[in-house]
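Open the model in your viewer and keep the selection panel at hand. The tour goes from confidence to strands to helices.

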Amino acid sequence: MEQDTNNPSFVETREAAGSCPHCAYVMPRLVDCAAEYFRDGFVSCKRCGKQVDLWQAVVNKAARLSGIPAWALASLGAGQTNLVIPMESGKYREVDLCKHGVPADAKILARNYTGQTGDMTAVEWHANAPPLRFPGTVLRLMGVPFGEGPLPRTGRVAIAVVWIRGDESDAWPYLTTAFEAAAAHEYAPSMVFAQSAVEISMMPVIEQRLRRRVPADRVENFMRDSLTYSHALNVVLPYLSAECGAPKLPGAVCGALNKLRKKRNAIIHKGAKAAAVSAEDTMEGLCAAAFGFEYMRNVAPILLAEQSEGQIAMDKKLEENVP
Ligand SMILES: [Zn+2]
């Protein structure tokens, strides 16, 4: 089998949170500019210098592309890699995407192969049991000629891949599954996993924070029996963030997270058919989940910051006084 030794004639890897509505310049990755957005309420465009409402930039682009969900995901956290390689008819070739900017722990969400010279394309090669989801980060390709003409022949093929990187956090696999489901046009499961990603990034932070002043078993009972996700999102989290001097969750993001919550509940309680989840709903829900996840990543260290010795002593005293 021939290894990927040829150099592509073009390679570009991009991870961007939408683009500037004023000059169309690409914004940085969500993970890199979310902190600035939550702190200031906008992100300054690196080219035109204007203030960009990051939420609007991302949600508008994702909504525009919702007809092709796998590619819409590239505006809200997924990465996109484009390359052009020569292919020879009837020849097998492997393309190791990790050599072209894709992280080794990435999951591939979508692939596209387009012949550039009109007489050649690439098809994916597989053994007798094709995998349902794309495994790993190596493309296994066979050159296939178009139309009449002498053989063998060589032509350029453009490859575009959408992928999502790995992450250490407990909630990330849920977000990845939500992205994978959306890319496969499975909108209802996508919404359910999108909300789980936010819940799992939020609830343990609230629990840890409450345990500073209330005995662990009481907090556990409260979290299990009484604290709904809606109360956590709409009451407890804004209260804790304000108390700790953390940035506020932007109103538009909170509104979209509530919309996602209602849709998710409709799916769970009335069924996916009755909930009638559209591609647009899913893109907005995934944007909300991606921003909610990043918000928790940003505020968790503030909510759980080390306490001063005086504060710890005061908390201990308070705890002793709890009847
Ligand atoms: Zn701009």
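Two strands pair if DSSP finds at least two bridges between them. Helices (H or I, at least four residues) and strands (E, at least two) are DSSP runs, numbered from the N terminus. Residue numbers start from 1 along each chain as its sequence is written. This is a predicted model: local features need pLDDT of at least 70, side-chain atom pairs count only at pLDDT 80 or more, and totals for chains, interfaces and linings use all residues.

**Colour by confidence.** pLDDT is the predictor's confidence in each residue, from 0 to 100. The protein's mean is 91, with 96% of its residues at 70 or more. Now select residues 1-5: pLDDT there is below 50. Where pLDDT is low, the predicted coordinates should not be read in detail.

**Select strand 9, residues 154-164**. Add strand 4 (residues 79-88): the two pair in the antiparallel sense over 10 bridges. Then add strand 6 (residues 107-115), which pairs with strand 9 in the antiparallel sense over 8 bridges. Which residues stand opposite V157 in strand 9? I85 is one of them; G115 is another.

**Select helix 1 (residues 30-40) and helix 10 (residues 279-303)**. Their axes, lines fitted to C-alpha atoms over the stretch in contact, come within 10 Å and cross at roughly 70°. Angles run from 0 to 180 degrees between N-to-C directions. The crossing makes helix 1 roughly perpendicular (65 to 115 degrees) to helix 10.

Show the side chains at the contact (C-beta atoms, placed from the backbone, within 7 Å). Helix 1 contributes L30, V31, A34, A35 and F38. Helix 10 contributes A290, E294, Y295 and N298.

Notes: Parallel < 35°, antiparallel > 145°, perpendicular 65-115°, else oblique. Contact = placed C-beta atoms within 7 Å.
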